[in-house]
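Student: Could you take me through one part of this model up close, starting with a sheet and then moving on to some side chains?

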Amino acid sequence: MPLVEKGRAKRRRVAAAAFALGLPWLAAPPLAQSQSLAPAAAAASAPAPAPAQQVEITGTRNNDVEARRQSTAAKIVIGREEIERFGDATVGEVLKRLPGVTMPGAPGRGGRPRMRGLGGGYTQLLIDGQRVPPGFSLESLTPEQIERIEILRAPTAETGARAIGGTINIITREGFKRRINDLRVAVSQENGRRSEHLGWTRNDSVGELTYTVSASAFMGRRASDDRVVTTESDLGSGSLLRQQQEQSVDEGRRQGLNLSSRLQWRYGESGSLTLMPVLFHSQREGRERLVLQQTLGATPALYDHAAVDSDGRYTLARLNLQWKQTLAEGWRVELNGGTHGARGRSQNLRREFDDADALLRTVHDQSRSRDRSALLSSKLSKLLAGDHSLVSGFEIEQLRRSETRATEQDNSDPLAEFDGDLQASSRRLAFYAQDEWAINPNWAAHAGLRWEGIRTRGDAADGVQHPDNRSQVLTPLLHAVWKPDPKSRDQIRVSLTRSYKAPTLQSLVARPLLASRWPASGANTATSPDRAGNPDLRPELATGIDLAFERYLPQGGVLSANLFARRIRDFIRSTTELETVSWSPVPRWVSRPKNLGHASTQGIELEAKFRLDQLIEGAPPVELRNNLSVFRSRVDAVPGPDNRLDEQPSAVLNLGADYRLRGTPLTLGGSLNLTPGYRTQVSDLQSREAGRKRQFDAYTLWVFDPALQLRLLANNAAPGDYRSLATVDQGLLRTQATTIAATYVTWALRLEFKL
């Protein structure tokens with residue numbers, strides 16, 4: 001098919017570029033190392049410069065690389081230097097350039113980040129070590145509020161095992177290290193719409209009290225232009241039976257306020273008390289205009305044009321308290337308690353008209369939700385002689401969610417038989433223990449065992465079935481690091497782990513969500529189905545292995561190759577089928593999640609991050625950050641070809657470079673993200689295709705003085721249409737929906753003050 005063929009052609013060019021830009025570096029390090037060590041050896045023979053050779057890990061970047069090198073479990077640490085490099089407006093823009101991380105959807109329109117191309121729910125997303133609450137968007141968290149980002153490719157007993165793809169842990173600004181008083185003002189423009197952003201961070205100490213305060217406010221405006229072309233064809237004769245195009249122009253506005261702080265009080269030399277309040281608030285409103293044109297078909301089009309007005313609000317408040325105390329004989333205890341509350345509401349009013357502007361149908365959807373949680377955890381640790389660390393702990397978490405949803409079509413409720421008020425709760429209990437030690441100069445190991453149990457209960461969604469889902473998993477975890485030569489900077493990592501993915505509350509509740517494009521009194525299409533849950537879902541359980549080869553360059557660079565494989569049991573996928581339903585007098589297409597059996601995925605992730613003059617003597621000091629990820633997967637219950645896991649591309653390539661012009665305060669930088677198109681066979685009758693993605697970002701930084709700098713950014717500087725295709729076969733009838741989404745370049749100007 002067209003999208004797949006284009007994707008395969010791009011895939012060849014991506015592989016060729018990756019070989020030219022990535023693999024030679026993995027072969028070149030011995031030469032690079034000899035070049036770097038030669039001046040070091042000469043310097044060691046002179047008495048005066050000797051002390052300078054001891055300072056090997058100075059600066060933020062080197063500290064981040066060293067933290068990665070010293071970790072027994074495979075971990076990538078992204079510090080303030082890289083977070084600030086591009087001046088990104090959202091955390092998602094920072095994450096999209098990291099090794100193995102993919103963003104779904106069109107460039108600049110992605111949702112939650114995903115590791116190793118795996119779909120939603122496979123990546124564990126944490127903020128300060130705690131799971132992100134339902135409904136929270138990463139767009140509500142600005143880079144100014146982040147101290148560092150930790151990426152764990154394999155789970156550990158301490159961070160949790162709900163991480164089949166991996167874990168992204170976002171650490172907010174920490175206690176006092178140096179005085180900070182930063183102000184950032186940014187203005188951006190996309191497709192003629194302007195957005196503004198204001199951020200402030202303050203860090204200081206008063207006696208034994210240290211504090212960090214971050215605040216940001218934003219106002220974003222966005223306009224998008226999409227087309228959906230739907231066709232029905234006869235597979236026997238090849239004739240086209242129906243063709244229509246729906247053009248959509250959407251204008252939206254989003255605004256928000258984020259506040260976070262960390263107050264730490266140290267008493268004596270052995271204890272500290274930390275209070276971390278957080279507040280996020282965002283609201284949005286949109287106005288969408290649609291025009292439906294049908295060029296072929298015996299059945300008349302449902303409407304001529306339509307209007308959709310929407311708005312929503314989301315507010316989250318969180319309070320965490322942490323107590324640390326050093327006890328006798330080197331024992332250390334840590335107690336954490338926290339609570340959060342979130343409220344959200346949204347409504348959509350859709351009105352459809354004929355060509356004479358007469359009202360044909362109205363659809364009004366409203367929802368309100370409230371989430372509350374309480375978390376208590378404790379950790380006991382001790383550092384023994386010989387770099388031997390013992391850690392054990394427990395976690396107990398209680399979540400409660402209440403939701404009210406109402407759907408009206410022409411002033412009647414097609415889902416009147418379903419309870420619109422949902423009350424649900426989830427209780428999680430976990431115990432873990434892990435042991436990390438340096439066995440000898442060549443070997444270090446990390447062994448852990450974690451038991452986790454989750455019970456999710458809810459009210460009757462359909463008057464009969466009450467979701468009551470229980471899952472428990474015992475996960476042994478083993479990580480090891482081998483250094484062939486303790487004096488070198490080369491090492492090999494291996495991890496053997498079990499991890500799992502628990503079904504979400506939304507996937508368990510059977511209450512349907514109707515496709516707004518089609519009246520409940522009639523039939524819908526396979527490419528625009530209703531959606532409903534499945535209360536009988538079982539959790540997915542994965543057994544995995546990771547193998548990594550790493551070389552750390554003397555001046556802070558890193559070259560690595562990471563191989564991984566996962567075997568998944570009770571794989572969950574939403575499939576679309578024609579069902580006889582209670583909310584419509586005719587059969588409707590319904591998408592429901594189901595356990596489909598076994599699946600597997602494997603891949604390789606290559607990374608090269610260094611300065612060019614580290615490898616080529618006399619070269620300009622250009623900072624290079626390149627990574628290539630290649631993925632393969634298979635769902636056993638689905639016939640091939642292309643029976644891959646949902647939304648997993650075959651490859652992702654990131655190329656990045658930065659250079660400060662000598663003798664000037666000007667720095668230039670850019671990054672290129674390439675993802676080839678791919679096809680996914682969802683079931684015997686259903687398939688999806690995603691078009692290729694290409695996103696080029698560039699920036700210019702002018703440093704007037706240490707307290708003032710100006711940054712100009714161009715995100716998605718080479719925009720293009722993003723295409724996707726959904727296909728469903730029913731006997732000899734094939735229904736296809738092609739979505740064409742326009743993308744735009746975003747220009748931003750950012751002024752940064754150090755007060």
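Tutor: Sure, and keep in mind that this is a predicted model. Let's start with an open sheet built from five strands, which run in the order E1-E6-E7-E4-E5 with mixed pairing. Its edges are strand E1, covering 75-78, and strand E5, covering 130-131, and each of these pairs on one side only. Look at the E1 edge: E1 meets strand E6 (residues 146-152) in the antiparallel sense, and four bridges link the two. If you want a residue to anchor your view, take Lys75, whose bridge partner in E6 is Leu152.

Now hop over to His446, which sits in strand E18, residues 443-458. With a relative accessibility of 5%, His446 counts as buried, because the cut-off for that is under 20%. Its side chain makes a polar contact with the side chain of Gln434, at 3.4 Å. Setting aside residues up to four places away in sequence, His446 touches Thr72 and Thr156, then Gln434, Asp435 and Glu436, and finally Leu477, Leu478 and His479. So Gln434 turns up both as a polar partner and in the contact list.

For a loop position, go to Ser516, between helix H7 (505-508) and strand E21 (530-531). Ser516 has 30% relative accessibility, so it counts as partly exposed. Its C-alpha is 9.5 Å from that of Pro529, with the two positions 13 residues apart along the chain as the separation. Once neighbours within four places in sequence are left out, the contacts of Ser516 are Arg350, Glu352, Arg361 and Val363.

Next, the rings. A pair of aromatic rings is described by the distance of the centres and the angle of the planes. The model has five aromatic pairs, and one of them joins Trp265 and Tyr267: the centres are 5.3 Å apart and the planes are at 40°, making the pair tilted. Trp265 is partly exposed at 44% relative accessibility, and Tyr267 is also partly exposed, at 24%.

Rings have charged company elsewhere, too. Arg116 lies over the face of Phe564, 4.2 Å from the ring centre. Over the face of Tyr122 you'll find Lys501, at 4.2 Å from the centre of that ring.

Note on methods
Residues are numbered from 1 along each chain as its sequence is written. This is a predicted model: local features need pLDDT of at least 70, side-chain atom pairs count only at pLDDT 80 or more; totals for chains, interfaces and linings use all residues. Side-chain values use heavy atoms; hydrogens and water are left out. Two strands pair if DSSP finds at least two bridges between them. Buried means under 20% relative accessible area, exposed over 50%, partly exposed in between (1.4 Å probe, protein chains only). A polar contact is a pair of N or O atoms within 3.5 Å; within protein, one must be able to donate a hydrogen and the other to accept it, and residues adjacent in sequence count only if both atoms are side-chain atoms. Contact means heavy atoms within 4.5 Å. Rings of Phe, Tyr and Trp (its six-membered ring) pair if their centres lie within 6.5 Å; planes under 30 degrees apart count as stacked, over 60 as edge-to-face and the rest as tilted. A charge sits over a ring if NZ of Lys or CZ of Arg is within 6 Å of the ring centre and within 35 degrees of the ring normal.
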